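Notebook open, coffee poured. Today I'm looking at how the parts of this one meet.

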Amino acid sequence: MTDTLNSLPPDPIYDRREQIRAITAKTLRRRSRMSQLFTWALSMSLVIALIPLVLVLFTIVQRGGSDLSAAFVTKLPQVPTIGQQNAIGGIANAIIGTLIVAAMAAAMAVPLSLVLGLYLVEMDTRLSRIFRASVEILSGIPSILLGVFAYIFIVLPEHHFSAFAASVALALLMTPVITKSVETAIRGVPDTVTEAGLALGARRSVVARRVVLPAARAGIITGTLLALARAMGETAPLLLVIGATFSQTWDFNPFHAMSALPLLTYSYSGSAFPSQHRAAWGVALVLVLLVLILNLTSRFISARLSRKAQM
Amino acid sequence: MSDGHDAVGNNPGVLKESSITPVLQLRRVNVSFSGRVAVRDVSFDVAPNKITSLIGPSGSGKTTILRSLNRLHDLTKGAKVDGDLLLDGVDIYKGGIATMLLRSRIGMVFQRPNPFPTLSIYDNVVSGLRFNGVRKKSLLDEAAESALISAALWDSVSSRMKVHASTLSGGEQQRLCIARALAVEPEILLMDEPTSSLDPVSTQRIEELMTELKNRVTMVIVTHNMQQAARVSDDCAFLLMADDRAGELIEFGPTDKIFHDPSDARTLDYVHGRFG
Amino acid sequence: MNQSTQRFFSRRNASDSPQGLRARGGSDRFYVWTLRGVAMLFSAILLEFVYSIVHQSWPAWTHEGITLLTGTTWNPAASVYGALPLILDTVISTLVALLFAVPIGLGTALVLIFVLPRRLQAIASALVELLAAIPSVVYGLWGLYVLVPWMSATVQPWLASLTGGRWPFSGDNLGAGIMLASVVLAVMILPTIVAISRDVIAALPKDLNEGALSLGASKSQVLRKVILPSAKSGILGAISLGAGRALGETIAVLMVIGGNAQMPRSLFSVGATLASTIATEYTEASPQNLAALGALAVILMALTAGVNVLARRLVNRSSGLSS
C-alpha cells in the first residue's frame, strides 16, 4: 500500500490525544455513576408524580365505594335527623342536574366552537390572529371568573340563581378547548379532500358542512368529550350561580336552582353531619366515574383515530 | 495483522492484501431492528489514516453500518447488532468497553449541521472535551484552536468565539461540528453524508478538508454522491438492498478499483449510474 | 408548527378571485359573513366579560384607590378592603407549588421521553394525564380529610424541626394552611407542566441528543447540558401555564387553606386567596362588598391573563426554534 503507512499524526496532537484519553479514563467511572444517579432521580420523579393519583383513586374507592348502591344513585337526598343520624338517601337529582347543566353547556359551546374553529382555519387576517390570541387567553382564565361573569350577566338581572347561568359559565369554559380541537382536526383534513369537493363545483359552505366537518368528526368529538369531562367536574362557577348547594327536589327547570355533583361534594364535605362527610366520598366517586368514562371514551376514539391515520 | 486472512474466509469484500493493521474491522456484522434485518453479514476493514466510503442506493444500510460503529443504535429501542466489530482488535460490543469512552475515540459528523443552539462557538468546540471531564483551560484553548484550524474555521471565527453558533452559515456550522468532533482528538471520524445539506461551494471546502484531515484521523464516510466518493475516498464499500430489504456488502476495495475495474457487474452498473 | 398544514381555502381564494366566489352567488358570501359574524359575536361576549367585571369593581377602585392593592387588612364586614394578604397568599401558594411541581414535572417529562421503553411511555403518559382529569373538588376533599391530618401530625412537625420552629415553618400547626394548599396545587398543576414540557422537549431535533452522545457525553450530561438548555423557553412556558392554573384554582384551595384573610406569617399560616375569597363571599355580599370582590376578580384576571400571555409567547417561541 501507499506512503501513509507510517505517517503518525503530528506530535502535539498525539500528545493531546493521550492527555485527553487519560482524563476521560480517570473521570469515566464518576461520570457514569453520576449518570446512573441522575436517571434514578428522574425515575423517582415519575414515581412521585404518580403517587397522588394512586392515593386519590384508592381513597375515593375505599371511602366512597360502600355508599354506592342502587338507592344512592336513584333516590333523592335525605337530611339526617336525630332519629336517623345516618340517613343520606340518594344523589339522583345531583347526577341528573350535572348531566343537564353539562348538556346545556355543550349545546351552546359545540355549535359555537364549530363556527369559530372554521373561522380560525378560513381566515388569516390581523383580526383573526387577535381573535385566536383572545380565545387562548380565555382558556387560561380561572373558572371562578366565568362564574362571576355569569352572576353579573344572568343572576343579577334575573334576581335568582339558575342552572342556565351555570351552563353559560361552563360553555365559556368549554368553548376555547373545543374550538382548538375543531381547528386542529380541520387542519388535519387533507387538502385533496376539500379540493375534490371544490372541484365538483360545490360551494365553500357546502364543502365545509358536508365534507370538511365530517372528515374532522373524530377529532372534534374527542375534544368535545374532554371539554365536557372538565366542565362536569367544575365546582367554582356553580358555587356562585347554580344556587342549590343542597336540594331535595326533582325540580329540573333550567331557570331554577339545581343540584350538581361537584357542588354537592363540596357542601357535604363541610356539613355538620358526620354521615354527610362520609357521603361526600360517595358523591366524589360517582363524579370521578362519570368524568373518567368521558375521558377514556375520548382517549379510545383518539387512539382509534390515530391508528386509522397510520394505515 | 495476522487475523486478516482466516477471518476473511470466502468473503469477497475484504481487502485481501492488506499490509497495514486495520484500525477497525467488521466481521459478519448484522444489524436488525425489532427482528427485521437491516444489514446482513457485512465484513470489511478500515485502514488507518485513510478515508473509507460507504456507497449504495437508499435503504442499502450505509448509515445503519456507520451508526453501529459508535454504538448509536444503543439508543434505538429494539435495535440489535451481531457479529464482531473490532477497534484495534477489541470488540466494541463486548464487555469492558464503555460506550462513552468508545464515542470519545470514534467521533461523528451528521447529515445536518447540529451545533448546540444555546452555546457559543467556543463552548460548542470544547463541549466534547468538557463532557469527557477536561477542565483545564489551557488544554481546552489549545484543543479548540487546533480543531478550528484543522476545520478551516479559525480565521473566520477566532475573533468571535463568544457568539452563538446559530449565527454561522450552514457550511460554517458543519465545519464547526467537524471541529467539535476533532477537539476530542478521536482516532476515527464517522461522517454521515456530511455535505448533503450544503451548497456546492461549502461542499467543496469540506471535501478539501477531509483530505487534509487524513494525517489526523481515520475517516469513514457515507455518501450518496458518487463523485464525492471517487474524489475523496481511498477505500470504498458498495452495498445493495437484497430481496428481503436487508443491506448487503457487494464489493469492497480500493476506490480506484471499485470505480474503474469492479469485480461485480452490479457495482459497475451502480457507479455508472445505471440504477439506484 | 403548522407550516405544513394549509388553510383549506386559501386567502387567495377568498379575495383574489372574485369571479370564483361571486359568480357562485350569495351563499358563499353568506358563509363567510356567518363565520365573521359569529366570531364578532363571541368577541363581543369576551369584551362584555371583561367590561362587566371591571365595571362592577369600579366603585371600589374609585373609593379605595391604591389601598385596594396595598392594604393589609381584608375585612368586608367592617368595610376594610385591603387585598394584599389575598394577593400574597395567592402568589406564595403558587410559588411554593411550583417549587414542588417543577423539578418533579421536568423529571417526569425527561423520563417519559428518554428513559422509559415505548410501551411503558404511553401508559405512564396516560396516567399522568389522568391526574388532570380528576376534578378539583376531589383533590380538595382528599386534601381536607387525608392530607390535613397527615400534614399536622407528620409533615409539618418534621418541617418545623428542620428550622427549629423558625420561619418559614413557624406558627400554629393546624394542618390546613398555605403549605397544604401548595402541596395540593402542586399535584394539580403537575400534569400541565409534564405535558407541555414533554411536547416541547420531544419536538427538539433528535440530532442534538445524538450529537452530544457521539462526543462521549453521558446520558445525564446530554439532558442537563444540551436538552434542558435548548428547551428552556418552552419549559418556562410550561411552568408559566402551570402557574396560571395555580393562581386561579379555587375550590381545592378553598377547602384546604383555612379561609382566613390575614397577612401570611409563615407557610403554616392559614390564609385565603383571591379566588377562594371570591368563591366564599360573593353570593352573600352587599353591593359595596360586591364591588370590592369585583376588584379581586380584576386583580386575578390581570394576574392570570398576564401569566398566560407570557406562557404562550414562550411556548410558541420554543416551537418556532425547533421547526
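My notes on an interface and a pair of domains follow.

Ground rules: this is a predicted model, where local features need pLDDT of at least 70 and side-chain atom pairs count only at pLDDT 80 or more, while totals for chains, interfaces and linings use all residues. Residues are numbered from 1 along each chain as its sequence is written, chains are lettered from A and ligands numbered from 1 in the order written, and side-chain values use heavy atoms, without hydrogens and water.

**Chains B and A.** I looked up the contacts (heavy atoms within 4.5 Å): 28 residues of chain B touch 21 of chain A. The two chains bury about 2,200 Å² between them, 58% of it on carbon and sulfur atoms; buried area is the accessible area (1.4 Å probe) lost by two parts on being put together, summed over both. I get three salt bridges between chain B and chain A, a salt bridge being a side-chain nitrogen of Lys or Arg within 4 Å of a carboxyl oxygen of Asp or Glu. Arg16(A) and Glu185(B) form a salt bridge through their side chains, at 2.8 Å, N to O.

**Confidence in B.** Mean pLDDT (the predictor's confidence in each residue, from 0 to 100) is 88 for chain B, with 91% of its residues at 70 or more. Residues 1–18 of chain B stay under 50.

**Inside chain C.** The domain assignment (automatic or from a database) gives domain 1 (3–63) and domain 2 (66–322). Their centres, over C-alpha atoms, are 34 Å apart. About 840 Å² is buried between these domains, 79% from carbon and sulfur atoms, and I find zero salt bridges there.
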